[in-house]
Amino acid sequence: LFPVLESVYMSFSKVSKAGFIKSFGTLENYQYVFKQPVFPRVILNTVVWTVVIVLISLVISIMLAVVLNERFALRRFTRTMLLFPWATSGFITACVWKYALDYQYGSLNALLVRTGIVQKNINFLGNADSAFAWLIFVGVFVTVPFMTFTLLSGLQSISIDYYEAATIDGANFWDKLFKITLPLLR
C-alpha cells in the first residue's frame, strides 16, 4: 500500500532530479502528460498489451493446467520446469530475452541462420510493431507459469465425483471441460 500511496503523492508533487519533493498540490505533472501527442497511443498500447497478454496467457494456462493435472511420467519435473520463468527475476528475464533477440549476436538469430530458416539476421526489436509483439510474447512467457499453477490448484480442488458421474452419463472430454472444469474454475 505504501508504494501506491507514495506514487500518488509524488504524482501531485514537483520532484527534483535527485528525487526530493519540492512542492505538493500541483497538477503540472498531469497537465504535462495529457498534453503529450503520444499519450492516446500510450493508453491504447497499454490496453492492447494488457488484454492480449491476459487472454493468451489464460488460454495457454488452462490447457497446461489440464495437462499437468493428469498423471504422466516426469510430471513433477515438468511442473518444476514450468516454474522457472515465473521464479526468475524480471531483470534477469529481460536480460535473457534482450540477448536472445539481439540483432547481431542474439541466439535466436544464430539458430535461425544456422538451421537455414533465414539467410540473414532479423532485427526483431528494430521497429515498433515487432518490438511490441515481442514484448507481448515475453509478457505471456512470464505470466503463464503463475497463472497455470493458480488454475492447477483450482483444478485439484474440483471433486473427482463430478467427473465420475459425467463419465457414467456418457460425457466426453469436451463435455467435461466445458460443463464441469471451466464453470468450476470460474
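The following exercises, each with a worked solution, concern a predicted model.

**Exercise 1. The largest nonpolar core**

Task: Determine how many residues the largest nonpolar core has, which of them have the most contacts inside it, and which elements give two or more residues to it.

Solution. Begin with the count: the largest nonpolar core has 13 residues. Within this core, the most contacts belong to Ala65, Leu155, Ile158 and Ile180. Next, assign the core to elements: two or more residues come from each of α3 (39-69), α7 (128-156), α8 (160-168) and α9 (173-185). Of these, α7 gives the most, with four residues. Finally, look for a further core: a second, separate one of eight residues includes Trp97, Leu112, Phe124 and Val138. As general background, nonpolar side chains in soluble globular proteins tend to be buried together.

**Exercise 2. Isoleucine 158**

Task: Establish where isoleucine 158 is found, whether it is buried or exposed, and which residues it touches beyond four places in sequence.

Solution. Locate the residue: isoleucine 158 is found in the loop between α7 and α8. Then classify it: the relative accessible area of isoleucine 158 is 11%, which is under the 20% limit, so the residue is buried. Now list the contacts of isoleucine 158, leaving aside neighbours up to four places away: they are Tyr163, Ile180, Thr181, Leu184 and Leu185. One of these, Ile180, is among the residues with the most contacts inside the largest core, as is Ile158. For a C-alpha distance, take valine 67: it is 91 residues from isoleucine 158 in sequence and 15 Å from it in space.

**Exercise 3. The two sides of helix α5**

Task: Identify the buried residues of helix α5 (residues 90-100), describe how they are arranged around the axis, and state what they pack against.

Solution. First, the buried residues of α5 are Thr93, Trp97 and Ala100. Second, viewed down the axis of α5, these residues fall within an arc of 60 degrees, so they line one face of the helix. Third, the other side of α5 carries the exposed residues Phe91, Lys98 and Tyr99. Fourth, the packing partners of the buried residues are α4 (75-87), α6 (107-114) and α7.

Threonine 93 serves as a check on one member of the buried set. Its relative accessible area is 7%, so threonine 93 counts as buried. Beyond four places in sequence, threonine 93 is in contact with Pro85, Thr88 and Val142.

**Exercise 4. An aromatic pair**

Task: Classify the ring pair formed by phenylalanine 124 and tryptophan 134, and place both residues in the chain.

Solution. The description of a pair of aromatic rings rests on the distance of the centres and the angle of the planes. The structure holds eleven aromatic pairs. In the pair of phenylalanine 124 and tryptophan 134, the centres are 5.4 Å apart and the planes stand at 75 degrees; this angle is over 60 degrees, so the pair is edge-to-face. Phenylalanine 124 lies in the loop between α6 and α7, and tryptophan 134, ten residues away, lies in helix α7. With 8% relative accessibility, phenylalanine 124 counts as buried. To extend the picture, ring pairs join Trp97, Phe124, Trp134, Phe137 and Phe141 into a cluster.

**Exercise 5. The largest pocket**

Task: State the volume of the largest pocket and name the element that gives the most to its lining.

Solution. The volume of the largest pocket is about 370 Å³. Its lining includes Val66, Asn69, Leu155, Ile158, Tyr163, Phe173 and Thr181. Two or more lining residues come from each of α3, α7, α8 and α9. The element giving the most to the lining is α9, with four residues.

**Exercise 6. Residues with greater exposure to classify**Task: Classify leucine 74, lysine 22 and glutamate 164 by relative accessibility.

Solution. Leucine 74 lies in the loop between α3 and α4 and counts as exposed at 63% relative accessibility. The phi angle of leucine 74 is near 65 degrees, a positive value in a residue other than glycine. Lysine 22, in strand β2 (residues 21-24), is likewise exposed, with 60% relative accessibility. Beyond four places in sequence, lysine 22 touches Lys14, Val15 and Ser16. Glutamate 164, in helix α8, counts as partly exposed at 43% relative accessibility. The C-alpha atoms of glutamate 164 and lysine 179 are separated by 13 Å, with their positions 15 residues apart along the chain.

Conventions
Residues are numbered from 1 along each chain as its sequence is written. This is a predicted model: local features need pLDDT of at least 70, side-chain atom pairs count only at pLDDT 80 or more; totals for chains, interfaces and linings use all residues. Side-chain values use heavy atoms; hydrogens and water are left out. A nonpolar core is a set of buried Ala, Val, Leu, Ile, Met, Phe, Trp, Tyr and Cys residues joined through side-chain atoms within 4.5 Å. Buried means under 20% relative accessible area, exposed over 50%, partly exposed in between (1.4 Å probe, protein chains only). The arc is that of the directions from the helix axis to the C-beta atoms. Contact means heavy atoms within 4.5 Å. Rings of Phe, Tyr and Trp (its six-membered ring) pair if their centres lie within 6.5 Å; planes under 30 degrees apart count as stacked, over 60 as edge-to-face and the rest as tilted. On a 1 Å grid over the protein atoms alone, a cavity is a set of points where a 1.4 Å probe fits but cannot get out, and a pocket is an open set with protein on both sides within 12 Å along at least five of seven lines; lining residues have an atom within 4 Å of a point. Grid points are joined across faces, edges and corners, and a volume is the space filled by probe spheres set on the points.
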